[in-house]
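Me: I'd like to go through this one and ask what stands behind each label. Can you take me through it?

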Amino acid sequence: MTTDTVEEALRSLGGGDGIEVRWIMPEGFLELPFEADDLDELAGQLVELAKQALPGADEEVQVQYAAMCAAHYDEFIEAGVQYAGFVTTEVDGVRCTATVNVSLLDLDERAGANPVGFIATTMRHLELGEIGEVQLPCGPAVTCVGSRSSHIDGSLTQSGRDEPIWTSFIQVQIPLNNGTVLLLEMGTPTAEGWDVFSAMFAGIVKSVRLFDNDGAPLVMPG
């Protein structure tokens with residue numbers, strides 16, 4: 001995976017135990033590197049990413065941006081993130097940004113024969129957002145629409161201090177029949193871009209396809 005801005009392109013990852021996941025990313029995304037051989041190579045790739053993300057910034061700001069991206073990799077590993085990309089665009093004259101992450105998680109052993117129902121019930125109990133159940137081309141899924149608080153690193157703010165920010169998100173969880181869950185999430189801190197980004201994310205989710213070791217298409221039961 002490169003840090004280039006991509007045109008509409010097929011992305012894939014191994015879902016474990018003979019399941020391959022494929023989906024289509026729309027044009028314009030910058031992608032974080034996940035295939036570096038060592039930390040030095042990763043650092044170099046992140047600096048190149050920063051140059052693309054902040055072409056008008058000076059070198060110090062670009063390096064700070066790369067360092068901020070690097071700081072998230074422990075979180076990515078813990079959360080099972082295997083793809084992370086972001087896009088910036090103007091909506092009605094406002095500069096807006098959104099991120100898209102794709103993760104693989106272990107399915108809770110208590111899910112039983114109805115994992116979608118189990119996930120939906122659990123998320124409602126945790127009050128994570130507005131929960132729904134949908135049927136996708138690749139199988140049934142759980143959706144969650146909500147918001148969460150985070151912060152912007154002080155190195156990237158005018159005040160020089162960390163600043164709080166609210167991120168609105170859509171999360172989709174697709175339980176696979178090999179004991180894992182495919183999780184896709186779009187988040188944006190810019191309310192003006194919500195309609196554009198949510199429609200974009202719906203297209204990504206609907207493009208998800210599953211395949212076995214022989215390349216034959218799979219549809220999850222339910």
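Me: How do you know that the span of α2 fits a helix of 13 residues?
Reply: Set it against the expected span, which is 1.5 Å times one less than the number of residues. For α2 that gives 18 Å, and its first and last C-alpha atoms are 18 Å apart. Helices here are DSSP runs of H or I with at least four residues, strands are runs of E with at least two, and both are numbered from the N terminus. Bear in mind that this is a predicted model, where local features need pLDDT of at least 70 and side-chain atom pairs need 80 or more, while totals for chains, interfaces and linings use all residues. Residues are numbered from 1 along each chain as its sequence is written, and side-chain values use heavy atoms, with hydrogens and water left out.

Me: And what about the span of α1, why does that agree?
Reply: Helix α1 has 15 residues (39–53), so at 1.5 Å a residue it should span 21 Å, and its end C-alpha atoms are 20 Å apart, which agrees.

Me: Why is Asn178 called buried?
Reply: Buried means under 20% relative accessible area, exposed over 50%, and partly exposed in between (1.4 Å probe, protein chains only). Asn178 has 17% relative accessibility, so it counts as buried. This residue sits in the loop between β9 and β10.

Me: What makes the pair Asn178 and Thr180 a polar contact?
Reply: A polar contact takes a pair of N or O atoms within 3.5 Å; within protein, one must be able to donate a hydrogen and the other to accept it, and residues adjacent in sequence count only if both atoms are side-chain atoms. The side chains of Asn178 and Thr180 make theirs at 2.7 Å.

Me: Which residues of α2 are buried, and why are they said to be on the same side?
Reply: Gln62, Tyr65, Ala66 and Cys69 are the buried ones. They cover an arc of only 100 degrees around the axis (taken from the directions from the helix axis to the C-beta atoms), so they lie on the same side of α2. Exposed Glu60 and Ala71 are on the face turned away from that buried side.

Me: What makes a set of residues a nonpolar core?
Reply: The members are buried Ala, Val, Leu, Ile, Met, Phe, Trp, Tyr and Cys residues, joined through side-chain atoms within 4.5 Å. The largest such core has 32 residues, and Trp23, Ile174, Phe201 and Val208 have the most contacts inside it. Apart from it lies another core, of 15 residues, including Ala66 and Cys69.
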